[in-house]
Amino acid sequence: MKPEEKTEFVKLFTGIAELYGKNISPYLFEIYWYSLEKYSLHEVKTAAQLHAVNPDVGQFMPKPADFVRYIEGKSQERALFAWQKVISAMKLVGAYQSIIFDDKLIHHVIDEMGGWISFCRADEAKMLFIFQDFSRHYIACLSRSPNDCPSQLTGITEHQNRLFGHWVAPAIFFDGIHKISHSKLLEKLNHVKSEEINCVEKCSKTQTNS
C-alpha cells in the first residue's frame, strides 16, 4: 500500500473493529499497517471480506496472519496458473519465436530471470527450483504492480535478425491454450471492430425509421 492510502486503511480497520465490537488502539493500527503494507489496499479489503463470511473463523477478529493467509493463498494460485501458461508456451511456442502473454506480469518475471531464451533452455532437472523462483518473483509483482513490464519476450530468431538488421516477424500472442499470430490477432480485432460498426449503423437506422 502507498503512504497516502493509510487514511483509507484506518477507515477499513475502524469498520472491522466495529463489526467485531472491538476497540483498536493507535499502536495496534500500526502493527496491522506494517504487517500488511506490502500488499495492495484492494487485496487487504478482499481478504477482510473473505474472512467476514468464512463460516469457520468469521466470528473472530482477523489478525495480520489471517490477512496474509487469504492474500498469499490466492497469490500462490495465480502464480501457479501463470507458471502453467509458461510451461505450455515453452512446449507450443518455444525459444525461437518471440511471445506475448496475455498476462504482462509473466513478461516482467521472465525478463528478471534472464529472458525468454534462457528460460526455455533451462535444465529440466532444475525446473522445480525455477518454479519456486518464478513463484516468488510473481507474487512479489502482484504486491507492487510493476510499471516496467516488457511488451513482449524476445525469441532466438528475432534476437539474431535484429543483430544482422534483418526483417523481424511479429511476436506470437499466447493465452495459455492458443497461440495466435500477429496477423490472425489483427483479423480478430478487425472482425470485432466491423461487427461493432455494423451494430451501430443498424441501431442508427432503427432510430431514424422510428
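**Salt bridges, cysteines and a buried alanine**

Aspartate 102 is partly exposed, with a relative accessible area of 37%. This value, like the others reported here, was computed from a predicted model. Aspartate 102 takes part in a salt bridge with lysine 85, in which nitrogen and oxygen lie 2.7 Å apart. The two residues belong to distant parts of the chain: lysine 85 is in helix α4, whereas aspartate 102 is in the loop between β1 (99–101) and α5 (104–112), and 17 residues separate them. Lysine 85 has a relative accessible area of 10% and is classed as buried. The bridge therefore joins a buried lysine to a partly exposed aspartate.

In total, six salt bridges were found in the structure. Side chains of opposite charge can pair when their charged atoms come close. A second example connects glutamate 8 with lysine 45, at an N to O distance of 3.6 Å. This pair also links distant parts of the chain, with glutamate 8 in helix α1 (residues 6–19) and lysine 45 in helix α3 (residues 41–52), 37 residues apart. Both partners are partly exposed: the relative accessible area is 34% for glutamate 8 and 31% for lysine 45.

A further salt bridge is formed by aspartate 66 and arginine 69, whose closest N and O atoms are 2.9 Å apart. Both residues lie in helix α4 (residues 64–92), and because they are three residues apart there, about one helical turn separates them. Aspartate 66 is buried, at 16% relative accessible area, while arginine 69 is exposed, at 55%.

Helix α4 also contains alanine 89. With a relative accessible area of 0%, alanine 89 is buried. Apart from neighbours within four places in sequence, the residues in contact with alanine 89 are Gly94, Ile99, Phe101, Trp116 and Phe174. For one of these contacts, phenylalanine 101, the separation from alanine 89 is 12 residues in sequence and 8.9 Å in space, taken from C-alpha to C-alpha.

The cysteines were examined next. The structure holds zero disulfides. For cysteine 149, the closest cysteine sulfur is that of cysteine 141, at 6.6 Å. A disulfide requires the two sulfur atoms to be within 2.5 Å, so the sulfurs of cysteine 149 and cysteine 141 are too far apart for a bond. Cysteine 149 is partly exposed, with 23% relative accessibility. Cysteine 120, by contrast, is buried, at a relative accessible area of 18%; the cut-off for a buried residue is under 20%.

On the surface, Tyr27, Leu28 and Ile31 make a nonpolar patch of about 290 Å². One of these residues, isoleucine 31, is located in helix α2 (residues 26–36). Isoleucine 31 has a relative accessible area of 34%, which places this residue in the partly exposed class.

Conventions:
Residues are numbered from 1 along each chain as its sequence is written. This is a predicted model: local features need pLDDT of at least 70, side-chain atom pairs count only at pLDDT 80 or more; totals for chains, interfaces and linings use all residues. Side-chain values use heavy atoms; hydrogens and water are left out. Patches are made of residues with over 30% relative accessible area and no salt bridge: like charges are joined within 9 Å, nonpolar side chains (Val, Leu, Ile, Met, Phe, Trp, Tyr) within 5 Å. Accessible areas come from the Shrake-Rupley method with a 1.4 Å probe; for residues, only the protein chains shown count as cover. A salt bridge is a side-chain nitrogen of Lys or Arg within 4 Å of a carboxyl oxygen of Asp or Glu. Helices (H or I, at least four residues) and strands (E, at least two) are DSSP runs, numbered from the N terminus. Buried means under 20% relative accessible area, exposed over 50%, partly exposed in between (1.4 Å probe, protein chains only). Contact means heavy atoms within 4.5 Å.
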